[in-house]
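Dear colleague,

Please find below the structure that I am handing over to you. My findings follow it, and I would be grateful if you would read them with the model open.

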Amino acid sequence: MHIRIGRALLAATAAGATVATMGLAAAGSAAAATTAHRGHQPFSGGTPVYTAPCSGDAGFTSNAAPVTFGAGGCAGYVGSHRNFRYAQAIIRLPQTNVINPATSLATSEAAPTLYVGLTSADAMAAAGFMTCANFRIQFGVPGSGPCAGGGAPLIWVGVGWTLLNNGASVSATAIGLSGVSPGDGVQFQVYYPEGGAAHFTITPPVGSVTSFQLPSSGTFNAVFNHADALVDYSASTPELAPGPASTVDLRITQFQKGGWTTVGGTKGTFSGTGGKWTLNPAVLTSNGTAPPGGTIQVEPATLWNDGLGLGAGDAFGVWWRH
């Protein structure tokens, strides 16, 4: 069974990089335009963690061996130095040119996964967008629900998933997103009451709200000491180079109305203002090292206030630098 995306989120990082989430979001429907934005902007948070790949037991610090862009890496924000129980964000569906415009299953494996969630060294609970191709690859099944059968590998779906014991136990549910167009925002919420199942809510701008629990029986028994909001290429096929052919920088997505809640009930936006948690940006480079040794390929922009109600530091964009 392929569990690369899950393993990318599974590590308590020595560098202290993690994403924290809290809050309640209403799914926005305004289009997120593909926008030219040349060059790097200052990150929010502490020391950047350079990720290539962002998978394996060492998490974001697994940067020893240079790999190609398609082989993995994450970009976004990670919260740490607290235990977390809740994560949420509105994530905007990428424009069609974020992935190679081919209809084959193999090519569509180049699509990233975009998610918000809770992670630790051996467990995770996360929710976000992935294509049906990556849903099948990631979870080792022909598909279920909107991804049943062998067709439609390029369809974007909402997915909630859990992993336990470094992926030895995996559960996932895919939700169809009929009527959702590129640029539309879908709200993803993950809640974990200690010693129980993980709870998920997916709210598209049109259609019904979907809520479910994973695993459906038994006790999860996880302690999540990181929270994440990431664009993740760690399940992309290594020989492929996903992304646009244009030389114009591309905003892949925006995370909005996002934040985290700790086990103790402390709530905040991604920024964790006031010392609520440690925040680090995750940056995907060509070889997992900081510039000038590595070239930035995907990075988060500075945190901002999207005006949707949570306050400063609840939103950021993720950019492809070509």
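In this predicted model, the side chain of Gln88 makes a polar contact of 3.3 Å with the side chain of Tyr86. Gln88 is part of strand S2, and its relative accessibility of 0% means that Gln88 is classed as buried.

Strand S2, which covers residues 74-92, is joined to strand S10 by 8 bridges, and the two run antiparallel. Within this pairing, Gly76 has Leu230 of S10 as its bridge partner. Strand S10 also pairs with strand S3 (residues 113-119): 7 bridges join them, again in an antiparallel arrangement. Here Val116 is the residue that stands opposite Ala229 of S10. How far is strand S10 enclosed by the rest of the structure? Of its 9 residues (224-232), 8 are buried, so the strand is largely enclosed. As a general point, side chains in a regular strand alternate between the two faces of the sheet.

Strand S2 also takes part in the aromatic contacts. The structure holds 12 aromatic pairs. In one of them, the ring centres of Tyr77 and Phe316 are 4.9 Å apart and the ring planes stand at 80°, so this pair is edge-to-face. The two residues come from distant parts of the chain, since Tyr77 belongs to strand S2 and Phe316 to strand S15 (residues 316-320), with their positions 239 residues apart in sequence. Both Tyr77 and Phe316 are buried. A second edge-to-face pair is formed by Phe129 and Trp156, with 6.5 Å from centre to centre and 85° between the planes. Phe129 lies in strand S4 (residues 123-131) and Trp156 in strand S5, so this pair ties together parts that are 27 residues apart in sequence. Phe129 and Trp156 are likewise buried.

Tyr77 and Phe316 also belong to one aromatic cluster, whose other members are Phe84, Phe255, Trp260, Phe270, Trp277.

I turn next to the disulfide. The count comes to 1 disulfide, and this links Cys132 with Cys147 at an S to S distance of 2.1 Å. That separation falls inside the 2.5 Å cut-off, so the pair qualifies as a disulfide. The link between Cys132 and Cys147 is left-handed, with -80° about the S-S bond. Which parts of the chain does this pair tie together? Cys132 lies in helix H3 (residues 132-139), whereas Cys147 is in the loop between H3 and strand S5 (156-164), so the pair connects parts that are 15 residues apart in sequence. Cys132 has a relative accessible area of 0% and is therefore buried. Cys147 also counts as buried, because its relative accessibility is 0%.

Helix H3, which contributes Cys132 to the disulfide, is itself mostly covered, with 8 of its 8 residues buried. Besides Cys132, the buried residues of H3 are Ala133, Asn134, Phe135, Arg136, Ile137, Gln138 and Phe139. Polar and charged side chains are thus among them, including those of Asn134, Arg136 and Gln138.With kind regards

Note on methods: Residues numbered from 1 in each chain as written. Predicted model: local features only at pLDDT ≥ 70, side-chain atom pairs only at ≥ 80, totals over all residues. Heavy atoms only, no water. Helix = DSSP H or I, 4+ residues; strand = E, 2+ residues; numbered from the N terminus. Buried < 20%, exposed > 50% of the residue type's maximum accessible area, 1.4 Å probe, protein only. Pairing = 2+ DSSP bridges. Phe/Tyr/Trp six-rings, centres within 6.5 Å; stacked < 30°, edge-to-face > 60°. Polar contact = N/O pair within 3.5 Å; in protein donor to acceptor, adjacent residues only side chain to side chain.
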